[in-house]
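Here is a short report on one protein chain. Please look over the sequence and the fold before reading on.

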Amino acid sequence: MTSFWALTRAQWFGFWRDKQNWFWLLAFPLMFLVLFGFLFRDAGASKSSLTQIGSVAIIDQLPAEAKAQFDNLFEVTKTDDAAAALEEVRKGDVDGAVEQKGNEVILHYSQADQVKAATVRGTLGAFVDGANVAMSGQPPTLTLKAEAAEDDSLKPIQFIAPGLLGWAVAMGATFNAAMPFVTWRTNKLLRRLRLAPMRTESLVSSRLLVSIAVAMIQMGVFLAVGVGLFDLKLTGSWWMAIPLLLCATIAFMAIGLIAGAISKTAEAASGIANVIILPMAFLSGSFIPLDQAPSWLQTIAKFLPLGQLNEGLLDTLVRGEGPGAALMPMVYLLGFAVVFGLIAARLFRWED
């Protein structure tokens, strides 16, 4: 155990002595957060697509001024086929469908995307409230029926920060495993550690401890910048991001160990890690939201470890979901870590 902590301490100081780690694992991803944060700081909400089923008096009878405002917020398509309209909502082709039955305005939305639902519900609710106020001298007549959704004041930073944090941690864990082991193998350090003697489990677990510490630092820096500079709002279960990132670090370190095991040089390991992580980041919505992407791409994202991590971070950090929202992504990431960890153990080499 003494040798384990000595090795962990040596790896920790060795990590921070390499100034490139400071840039690639903290400064570089943080640049994206600051860039996108400033770009979208004052971004307003884009038009929401809405299908109107039959006659909806609150929309059809809006005064000219209110109708112009409504048209700036919604792109409305009219239909009499309620079943087809609901199917479009389920597929994500439109943000919502609205119909009116008596004094009840009914909004249909897909539970698969509560961000869109929150936007549509909040905006349409404002028009319903306005219609009630206009009926002066009478009690509220119209009601909007919709299931509870997220906060309708969500800002772009709410989605930028979790995705970039997920990418930063994935990149850090992968490179933290791939690069050192190749370097140590080529300069014969692994061979000397083996003669110490040093068990493989102690070597890998000490590196894992360093990677976890780096991931926690990344999380702290990202959330501090997001909250302090861009008014990022964290939900009540944001702390579930901590065990989620722990599971993600283990999973992506397993990827890094495989990249390091099959590479002959540090340059090759870096190339393999980049080829894995960067495309996965784009496919998993780390840089751009996937809500407008083709359905097949959204399906692929669900099977990628970074896609699971990003979804879990969104749910726990900003979507207001309870702690349970992180459990399935954590199970998936740990399962991924077991499979790829076994492969990495099979491929691990003390020397070339």
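## The chain as a whole

Of the chain's 352 residues, 45% count as buried. This is a predicted model. It has 14 helices and five strands.

The accessible surface comes to about 17600 Å². Carbon and sulfur atoms hold 62% of that surface. Contacts within the chain often reach far along the sequence: among those between residues at least 6 apart, 79% join residues at least 24 apart.

## Helix α11

Helix α11 covers residues 266-283. Does its length fit the count of residues, and what span should 18 residues give at 1.5 Å a residue? The expected span is 26 Å. The end C-alpha atoms of α11 are 26 Å apart, so the model agrees with the expectation. After α11 comes Gly 285, which has a positive phi near 80°.

Which residues of α11 are buried? They are Ala 266, Ala 269, Ser 270, Ala 273, Ile 277, Met 280 and Ala 281. An α-helix has 3.6 residues a turn, so residues three or four places apart point the same way. The cover over the buried residues of α11 includes three other helices: α7 (157-186), α10 (241-262) and α13 (305-317).

## How α10 meets α11

Two packed helices are described by the angle between their axes and the distance between the axes. For α10 and α11 the angle is about 145°. Their axes lie 8 Å apart. The crossing of this pair is right-handed.

Which residues make the contact? From α10 come Phe 252, Ile 255, Ala 259 and Ile 262. From α11 come Ala 269, Ile 272, Ile 276, Ile 277 and Met 280. The residues of this contact divide into nine nonpolar, no polar and no charged. Ala 269, Ile 277 and Met 280 are also among the buried residues of α11.

## Glu 99 in strand β3

Glu 99 sits in strand β3, which runs over residues 96-101. Is Glu 99 buried or exposed? Its relative accessibility is 14%. The cut-off for buried is under 20%, so Glu 99 counts as buried.

What does Glu 99 touch, leaving aside its neighbours within four places in sequence? Its contacts are Ile 53, Val 56, Glu 104, Val 105, Ile 106 and His 108. Gly 54 is 45 residues away from Glu 99 along the chain. Even so, the C-alpha atoms of Glu 99 and Gly 54 are separated by 6.7 Å.

Note on methods: Residues numbered from 1 in each chain as written. Predicted model: local features only at pLDDT ≥ 70, side-chain atom pairs only at ≥ 80, totals over all residues. Heavy atoms only, no water. Helix = DSSP H or I, 4+ residues; strand = E, 2+ residues; numbered from the N terminus. Expected span 1.5 Å × (residues − 1). Buried < 20%, exposed > 50% of the residue type's maximum accessible area, 1.4 Å probe, protein only. Contact = heavy atoms within 4.5 Å. Areas by Shrake-Rupley, 256 points an atom, 1.4 Å probe, with all protein chains shown as cover. Axes fitted to C-alpha atoms, helices over the stretch in contact; angles between N-to-C directions. Left-handed = near helix turned anticlockwise from the far one by under 90°. Nonpolar A, V, L, I, M, F, W, Y, C, P; charged D, E, K, R; others polar.
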